[in-house]
Amino acid sequence: MAAAATISPPCALLSYQGLRGALVSTRTFQSAKNQRQCGRAVAAPISAKFDLKPPPYPLDALEPHMSRDTISYHWGKHHRGYVENLNMQIVGTDLDGMSLEDIIILSYNKGDILPSFNNAAQIWNHDFFWESMVPNGGGKPSGDLLELIERDFGSFEKFSAKFRSAASTQFGSGWVWLAYKANRLNVGNAINPRPSDEDKKLVVVKSPNAVNPLVWDYLPLLTIDLWESLSASVSSFHRVVKLIMYLCSWKS
């Protein structure tokens, strides 16, 4: 599977302002539905087809740790399938023309997940996963990020151990994330719905299937996809998690 196709630039981190915008879009989306139900003429949005973004490096750039065949299959088949399915799923609907982040927030529906959520979230998750690694990466981050890790986990080594433990204890497919937890109201966070200054910290969180921290208004910094590790032996699984830590591309 070639990676030289003309694709949109790699995704950037979604800002909190972007999440607030997504919540505003929810109201706009609901208003548009009400207008249709009342028989008012509403212009259909311009269709915005989502593209398959390649990893931000050649498909063989992570060898010998991760082979070209592994990335090509995971990106060229699984990731591509999510993109193609979402494009077919939203055409002609109220979601057509919205940003990927808006679709994720809307279709998550505070836990009452709508059909388009899995494809939309898996696209975002995989874009972010490819960017969580870099050739010859790894090691400790620096600057503010390292200070926050040491503040919230005690040390980088303790964070690394917690991240690996979370990955090795996730039941079934899913994701493990390093994220900044803001925890505001009205984001469907059933874990800790009352915001507090103590919530403004880095956390390691697990999410099942396609769920990602955007739906809790957390800011993701690093992730590992656990799907490809399900059929591996325990020792191989731990090597995969350790590999991600070695190849990680820290986002500050």
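Which residue in S3 does Leu178 stand opposite? Leu178 stands opposite Leu222, and I would like to use that pair as a way into the sheet, after which I will move on to the helices and finish with some backbone details. Please keep in mind throughout that what we have here is a predicted model.

Let me begin with the overall layout. The chain has seven helices and three strands, and from the N terminus on the elements follow the order α-α-α-α-α-α-β-β-β-α. Of the 252 residues in the chain, 46% are buried, and among contacts with a separation of 6 or more, 77% come from residues 24 or more positions apart.

Now to the sheet itself, which is open, has three strands in the order S2-S1-S3, and shows antiparallel pairing. Strand S2, covering 201–208, and strand S3, covering 218–225, are the edge strands, each of them pairing on one side only, and the twist from one strand to the next averages 25°. Strand S1, residues 174–181, is joined to S2 by eight bridges, with the two strands running antiparallel, and in that pairing Gly174 stands opposite Pro208 in S2. Toward S3, S1 makes seven bridges, again in an antiparallel arrangement, and this is the pairing in which Leu178 faces Leu222. Although S3 is an edge strand, it is mostly covered, since eight of its eight residues are buried.

Two helices lie across this sheet. Helix H5, residues 143–153, lies across S1, S2 and S3 and runs at about 80° to S2, while helix H6, residues 156–168, also lies across S1, S2 and S3 but has its angle given relative to S1, at about 145°.

The next element I want to look at is helix H3, residues 100–108, where nine of the nine residues are buried, so the helix is largely enclosed by the rest of the structure. The buried set includes Glu101 and Asp102 as well as Ile103, Ile104 and Ile105.

How do H3 and its neighbour H4 pack, in angle and in distance between axes? H3 and helix H4, residues 117–131, pack at an angle of about 140°, with their axes 9 Å apart, and that angle makes H3 oblique to H4. The crossing of these two helices is left-handed. On the H3 side, the residues that meet H4 are Leu100, Glu101, Ile103, Ile104, Ser107 and Tyr108, and on the H4 side they are Phe117, Ala120, Ala121, Ile123 and Trp124. Sorted by class, this contact has nine nonpolar residues, one polar residue and one charged residue.

One residue of H3 deserves a closer look, namely Ile104, which counts as buried because its relative accessibility is 0%. Leaving aside residues up to four places away in sequence, Ile104 touches Phe117, Ala120, Ala121 and Trp124, and also Asn212, Leu214 and Val215. The C-alpha atoms of Ile104 and Val215 are separated by 7.5 Å, although the two residues are 111 residues apart along the chain.

H4 also packs against helix H2, residues 68–90, at an angle of about 145° and with the axes 8 Å apart, and here too the crossing is left-handed. Among the H2 residues in this contact are Ile71, Trp75, Tyr82 and Leu86, which meet a set in H4 that includes Ala120, Ile123, Phe129 and Trp130. The contact of H2 with H4 divides into nine nonpolar, seven polar and one charged residues.

Finally, the backbone, where a general point helps: most residues other than glycine have a negative phi, and most peptide bonds are trans. Against that background, Glu63 and Pro64 are joined by a cis peptide bond with omega of about 5°, and Pro64 sits in the loop between helix H1, 16–37, and H2. Just after H3, Asn109 takes a positive phi of about 55°, and Lys110, in the loop between H3 and H4, likewise has a positive phi, near 55°. Lys110 counts as exposed, because its relative accessibility is 53%. Asn209 lies in the loop between S2 and S3 and has a positive phi near 55°, and with a relative accessible area of 47% Asn209 is partly exposed.

Technical notes: Residues are numbered from 1 along each chain as its sequence is written. This is a predicted model: local features need pLDDT of at least 70, side-chain atom pairs count only at pLDDT 80 or more; totals for chains, interfaces and linings use all residues. Side-chain values use heavy atoms; hydrogens and water are left out. Two strands pair if DSSP finds at least two bridges between them. Helices (H or I, at least four residues) and strands (E, at least two) are DSSP runs, numbered from the N terminus. Axes are lines fitted to C-alpha atoms, for helices over the stretch in contact, and angles run from 0 to 180 degrees between N-to-C directions. Contact means heavy atoms within 4.5 Å. Buried means under 20% relative accessible area, exposed over 50%, partly exposed in between (1.4 Å probe, protein chains only). Angles under 35 degrees count as roughly parallel, over 145 as roughly antiparallel, 65 to 115 as roughly perpendicular and the rest as oblique. A crossing is left-handed if the near helix is turned anticlockwise from the far one by less than a right angle, and right-handed if clockwise. Ala, Val, Leu, Ile, Met, Phe, Trp, Tyr, Cys and Pro count as nonpolar, Asp, Glu, Lys and Arg as charged, and the others, Gly among them, as polar.
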